[in-house]
Amino acid sequence: MNTPSEDLDVIVPTPKTFKVGGEEIRVQPLPIKRLIAVVKFVEQNAGLLNNVEEMLRGGISTALETEVYPRLNRLLRLVVTPVEAHMFLTDDWCAEHMSNSHYRAVLMTVIKQNELETVFLKAKAFLGVHMTGALRQAEQKMAETASA
């Protein structure tokens, strides 16, 4: 049986603080307006998957450096509080201090705190199928180009 404090934690999850590179990154449940901005950002950047072939052609490291991580950093700034933290959350700072594990931990916390598991699990299933197909097409075209 839950205590009243545990029940309150379910209703309003406790903010979580991550310590990275001597700084604190704090995430907490987002107000609806900001949450909608996050979801819109994710929707607007889903097209990144359509550019897999182009990204592979230009080089994976280039794509990660110019497309993937800058977008992750913008998403990070949308979900982190207080706004003053955004001052140090520059692309350069993130590249120097953040790992994929950091990004994942922060974003999974945001998803859980804002009760978005179902939405993102459905999106993951949808995108996973499309990502696999896009990668196959890109590999096939690259193989065709190489053999020509």
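Two rings of Phe, Tyr or Trp count as an aromatic pair if their centres lie within 6.5 Å, with the six-membered ring standing in for Trp. Planes under 30 degrees apart are called stacked, those over 60 edge-to-face, and the rest tilted. With that in hand, let's walk through this predicted model.

Run that search over the whole structure and you get two aromatic pairs. One of them is formed by Tyr69 and Tyr103, with 5.8 Å from centre to centre and 35° between the planes, which makes the pair tilted. What parts of the chain does this pair link? Distant ones: Tyr69 belongs to helix α4 (residues 60-79) and Tyr103 to helix α6 (residues 100-113), and the two tyrosines are 34 residues apart. As for exposure, Tyr69 is partly exposed because its relative accessible area is 25%, while Tyr103 is at 5% and therefore counts as buried.

The other pair is Phe88 with Trp93. Here the ring centres are 4.9 Å apart and the planes meet at 70°; edge-to-face needs an angle over 60 degrees, so that is the label this pair gets. Are these two rings' residues buried or exposed? Buried means under 20% relative accessible area, so Phe88 at 14% makes the cut, and so does Trp93 at 13%.

Back to α4, the helix that carries Tyr69. Its 20 residues reach 26 Å from the first C-alpha to the last, close to the 28 Å expected at 1.5 Å a residue. Still, α4 has a kink of about 30° at Val68, shortly before the proline Pro70. That proline is also one of the buried residues of α4; the others are Ala63, Arg71, Asn73, Leu75, Leu76 and Val79.

Now for the strands. β1 (residues 16-20) and β2 (residues 23-27) run antiparallel and are joined by five bridges. Two residues lie between the strands of this hairpin, where Gly21 takes a positive phi near 55°. Lys16 in β1 has Val27 of β2 standing opposite. The charged end of Lys16 also sits over the ring of Phe18, 5.1 Å from the ring's centre.

Which strand does β2 pair with besides β1? That would be β3 (residues 80-81), again in the antiparallel sense, over two bridges. Val27 turns up here too, with Val80 as its bridge partner in β3. So Val27 has Lys16 opposite in β1 and Val80 as a partner in β3, a handy spot to start from when you trace the strands.

Definitions and conventions: Residues numbered from 1 in each chain as written. Predicted model: local features only at pLDDT ≥ 70, side-chain atom pairs only at ≥ 80, totals over all residues. Heavy atoms only, no water. Helix = DSSP H or I, 4+ residues; strand = E, 2+ residues; numbered from the N terminus. Buried < 20%, exposed > 50% of the residue type's maximum accessible area, 1.4 Å probe, protein only. Lys NZ or Arg CZ within 6 Å of the ring centre and 35° of its normal. Expected span 1.5 Å × (residues − 1). Bend = angle between axes of the 7 residues up to and from the residue. Pairing = 2+ DSSP bridges.
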